[in-house]
Amino acid sequence: MEDSTTGIELDRIDRKILKLLQTDGRLSNADLAQKVNVSAATCHRRTQRLIEGGCISGFRAMINPVAVSRGALVMVGVVLDRSTPESFAAFEAAILKLSFVLDCHLVAGDFDYFLKVRVKDMADFNKLHGEQLIAFPGVRQIRSFFVMKEVTDNAELDFQG
């Protein structure tokens, strides 16, 4: 299976390495090699190729939002007043400066962007909404959706089939 963006040919062992690292990015090279049934040197070489080829874009810890007082998840739909490259660029530049915005996606449909925002609580979001979000360049409308239950979040990417 060849990845269309990286051009790397992924065989069964590469896919297994990716799956295992996606599940546990802290696996040692020795443990990973044992699980995919190759030598440590071969496993290291394959993993480096996957990193350098762009299949693995990084490693990070998954932080429990409640433990760090960011238990409220809010999805925010944003409509800009104009659909021009300049208005999109100005909005995106402003969004990138905000640490409480976890994800920002340009979408097709009723909204121009969807934001995934983590805050302490509703009062915290209300303050951010009033002081920052509605003041963004070119924003015509913002609709907020408070998440009642997180059924799945940041699930593993299925690339096996």
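Are Phe91 and Tyr113 buried or exposed? Both Phe91 and Tyr113 are buried, where buried means under 20% relative accessible area, exposed means over 50%, and partly exposed covers the range in between (1.4 Å probe, protein chains only). The structure is a predicted model, in which local features need pLDDT of at least 70 and side-chain atom pairs count only at pLDDT 80 or more, while totals for chains, interfaces and linings use all residues. Residues are numbered from 1 along each chain as its sequence is written, and side-chain values use heavy atoms, with hydrogens and water left out.

A good place to start is with the aromatic rings. Rings of Phe, Tyr and Trp (its six-membered ring) are taken as a pair if their centres lie within 6.5 Å; planes under 30 degrees apart count as stacked, over 60 as edge-to-face and the rest as tilted. By this rule the count comes to six aromatic pairs. In one of them, the ring centres of Phe91 and Tyr113 are 4.5 Å apart and the planes stand at 35 degrees, so this pair is tilted. Phe91 belongs to helix α4 (residues 85-95) and Tyr113 to strand β3 (residues 113-119), so named because helices (H or I, at least four residues) and strands (E, at least two) are DSSP runs numbered from the N terminus. The pair thereby links distant parts of the chain, 22 residues apart. Phe111 and Phe114 form another tilted pair, with ring centres 5.1 Å apart and planes at 55 degrees. Here Phe111 counts as buried at 10% relative accessibility, whereas Phe114 is partly exposed, with a relative accessible area of 29%. Ring pairs also join Phe88, Phe91, Tyr113 and Phe136 into a cluster.

Helix α4 itself deserves a closer look. Its buried residues are Ser87, Phe88, Phe91, Ala94 and Ile95. Seen down the axis of α4, these buried residues fall within an arc of 130 degrees (the arc of the directions from the helix axis to the C-beta atoms), so they line one face of the helix. As a general reminder, an α-helix has 3.6 residues a turn, so residues three or four places apart point the same way. The face of α4 turned away from the buried side carries the exposed residues Pro85 and Glu86. The buried residues of α4 pack against β1 (72-80), β2 (101-106), β3 and β4, with contact meaning heavy atoms within 4.5 Å.

What of the packing between helices? Two packed helices are described by the angle between their axes and the distance between the axes. Axes are lines fitted to C-alpha atoms, for helices over the stretch in contact, and angles run from 0 to 180 degrees between N-to-C directions. The axes of α2 (residues 29-36) and α3 (residues 40-52) come within 8 Å and cross at roughly 100 degrees. That makes α2 roughly perpendicular to α3, on a scale where angles under 35 degrees count as roughly parallel, over 145 as roughly antiparallel, 65 to 115 as roughly perpendicular and the rest as oblique. From α2, the contact involves Asn29, Leu32 and Ala33, and from α3, Ala40, Cys43, His44 and Thr47. These residues divide into four nonpolar, three polar and no charged; Ala, Val, Leu, Ile, Met, Phe, Trp, Tyr, Cys and Pro count as nonpolar, Asp, Glu, Lys and Arg as charged, and the others, Gly among them, as polar.

Helix α3 also meets α1 (residues 12-23). The axes of α1 and α3 come within 10 Å and cross at roughly 80 degrees, which makes α1 roughly perpendicular to α3. Ile13, Asp14, Ile17, Leu18 and Leu21 in α1 meet Cys43, Arg46, Thr47, Arg49 and Leu50 in α3, and the residues of this contact divide into six nonpolar, one polar and three charged. Asp14 counts as buried, at 0% relative accessibility. Not counting residues up to four places away in sequence, Asp14 touches Glu9, Arg46, Arg49 and Leu50.

Some individual residues complete the picture. Ser69, in the loop between α3 and β1, has phi near 60 degrees, a positive value in a residue other than glycine, and counts as partly exposed at 40% relative accessibility. Asn154 is not a glycine either, yet has a positive phi of about 55 degrees; Asn154 lies in the segment after β4 and is exposed, with a relative accessible area of 54%. Val147 is found in the segment after β4 (139-146) and is partly exposed, with a relative accessible area of 30%. Val147 and Ala72 are 75 residues apart in sequence and 7.4 Å apart in space, C-alpha to C-alpha.
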